Amino acid sequence: MREFDCPVVIAGAGPAGATVSMFLENEGIKHLLLEKDIFPRDKICGDAISSKALQIIARLKPDEVEAFGKERDKTLLTNGIQFTAPNGKGVDIAFPKPKGNLPIGFISRRMDFDNFLFNQLKGSKNAEIWQNAELKDAEYDTDGGVTLTINHNGSERKIATKLVIGSDGARSVVKRKLQGFEQDDDHYCGGIRAYYNNVGGLHEQNYLELHFMKELLPGYFWIFPLPGGAANVGMGMLSRDIKKKKVNLRKEMLSIFENHPVMKKRFANATLDGNIVGWGLPFGSKKRQLSGNNYILTGDAASLIDPFTGEGVGNAVVSGLVASRMAKKAIEAEDYSKEFLSEYDSIMYQKLWNELKLSHTMQKLTTYPWLFNFVVNRINASKALQDVFTNMFTDLELRAKMENPLFYVKLLFNR
Ligand SMILES: Cc1cc2nc3c(=O)[nH]c(=O)nc-3n(C[C@H](O)[C@H](O)[C@H](O)COP(=O)(O)OP(=O)(O)OC[C@H]3O[C@@H](n4cnc5c(N)ncnc54)[C@H](O)[C@@H]3O)c2cc1C
């Protein structure tokens, strides 16, 4: 028997689900938020949080975002990113400064950052929040809605709703049950993450380090500094290549610490804090169906991770905002049909597709080590080019130019 009816149910209270809830609350729309864990909880991630996510959250919580960015035990401000090419040469690219007082970006353990987001929901008048509530099943019912089966504190509960928002991450139950799940190994990345203390040679301005090592291509290795001198260290590689080359990411990473001429020294005194853990990254390098009858997918459930940088929190937050607006429209029109909700897909891809497509091109470029080496060498030799690449993070036209072979010819001849 169904317990009670709720117009909107959000599954998952990560960055995507918390954003949906925050914006629904702001619109005065009643909803139920389900979260299988209990906050604070960990999420396997590189922990790099871009200004894209912060700017959206700050629309509702400007003072809170600014204050969190100043909590030095929880956030470490970062000013840019260092790419190291297969030939071992690195190039520093500064992040462009955002408007106002918001941080450029920071690194914050997801244990802390997601808890900060979740705390913003406290005192909500329109949200009922259930933690330790795992969505187990979603089925269409006979009266034009969906019945959700939830394990809440060990007891089974059934909820009827007209609209379910799938913010339940890479292994989304909403997606699997209402759309059918297919993992596409060409657009899905395997990742591992570990916390280390005493890593040597961290960047003095807290830059994120992305290393494209010859032996790992087309995968990459990262070192992101954390508050308190610790570091988030990890590796990612397309699932297709992991399977084809039978790669064990954990073994590869440990082998880097033992054998790589530079990393061997940097990790000589490093100590592992906790375990090396793994999780998947659904890349947004292919267009997908993002909604259907009675459901909308957000964040990782919608496969929106940037295929070049591995950044997913920003797009999860963007999708949370757009999904909340779509939910409002659907409630007003009393229309939860696939046709009506497909406007969500159009808006999302209008906002993100150019960026995702270009990042996919750049991801493919990394499979040509000579080209990568060449670009990094040229950028290092020219301050003007460093500025150009700084703007790459915000300037889509510039990123589009990088798709064109002429761009590289110009790099070669223009000093
Ligand atoms: C190794 C690795 C490194 C990464 N590095 C970065 C990085 O540095 N920067 C960056 O921006 N992105 C990074 N990402 C991507 C980023 O982690 C995700 O894109 C982001 O977490 C997506 O947010 P989300 O809210 O969609 O999903 P999630 O953060 O996965 O949140 C989903 C929530 O739903 C809950 N849930 C799951 N199933 C259920 C269920 N059945 N019922 C109820 N609740 C459920 C989960 O407990 C969780 O709280 C990385 C990912 C990986 C795997």
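Student: What makes helix α4 (residues 110–119) count as largely enclosed by the rest of the structure?

Tutor: Of its 10 residues, 7 are buried. Buried means under 20% relative accessible area, exposed means over 50%, and partly exposed is in between (1.4 Å probe, protein chains only). The buried ones in α4 are R110, F113, D114, N115, F116, L117 and F118. Helices here are DSSP runs of H or I with at least four residues, strands are runs of E with at least two, and both are numbered from the N terminus.

Student: What are we looking at, by the way?

Tutor: It's a predicted model: local features need pLDDT of at least 70, side-chain atom pairs count only at pLDDT 80 or more, and totals for chains, interfaces and linings use all residues. Residues are numbered from 1 along each chain as its sequence is written, and side-chain values use heavy atoms, with hydrogens and water left out.

Student: Okay, E66 next. Is E66 buried, exposed or partly exposed?

Tutor: E66 sits in helix α3 (residues 62–68). Its relative accessible area is 23%, so E66 is called partly exposed.

Student: How do you know that E66 and K70 make a polar contact?

Tutor: A polar contact is a pair of N or O atoms within 3.5 Å; within protein, one must be able to donate a hydrogen and the other to accept it, and residues adjacent in sequence count only if both atoms are side-chain atoms. The side chains of E66 and K70 are joined at 3.3 Å, so they pass.

Student: And which side chains join R193 in polar contacts?

Tutor: D42 is one, at 3.1 Å, and Y195 is another, at 3.3 Å. R193 belongs to strand β12 (residues 188–197). With 5% relative accessibility, R193 counts as buried.

Student: What about disulfides? How many are there?

Tutor: The count comes to 0. A disulfide is a pair of cysteine sulfur atoms within 2.5 Å. Take C189: the closest cysteine sulfur, in C45, is 12 Å from its own, too far for a bond. C189 is also buried, at 1% relative accessibility. C6 is buried as well, with a relative accessible area of 8%.

Student: On to the ligand. How do you know that A16 makes a polar contact with the ligand?

Tutor: A backbone N or O atom of A16 lies 2.9 Å from an oxygen atom of the ligand. G46 has a polar backbone atom 2.7 Å from a ligand nitrogen, and for G310 that distance to a ligand nitrogen is 3.4 Å.

Student: How much of the ligand does the protein bury?

Tutor: The ligand exposes 1000 Å² when taken alone, and the protein buries 95% of that. Those areas come from the Shrake-Rupley method with a 1.4 Å probe; for residues, only the protein chains shown count as cover.

Student: Which elements give two or more residues to the shell around the ligand?

Tutor: They are α1 (15–27), β9 (133–140), β14 (220–225), β16 (271–282) and α9 (313–333). The residues around the ligand number 38, and E35, G46, A48, L135 and D300 come nearest. A residue is near a molecule or strand if one of its heavy atoms lies within 4 Å of it.

Student: Why do we say the ligand lies between two domains?

Tutor: Because domain 1 (4–74 + 106–183 + 285–361) and domain 2 (185–282) both give residues to the shell. The domain bounds come from an automatic or database domain assignment.

Student: Now the backbone. What makes N153 stand out?

Tutor: N153 has a positive phi of about 50° and is not a glycine. Most residues other than glycine have a negative phi, and most peptide bonds are trans. N153 is in the loop between β10 (146–152) and β11 (155–166), and at 51% relative accessible area N153 is exposed.

Student: And where is N198 found?

Tutor: In the loop between β12 and β13 (208–211). N198 isn't a glycine either, yet has a positive phi of about 60°.

Student: What makes the peptide bond from F39 to P40 cis?

Tutor: Its omega is near 0°. P40 is placed in the loop between β2 (31–34) and β3 (48–50).
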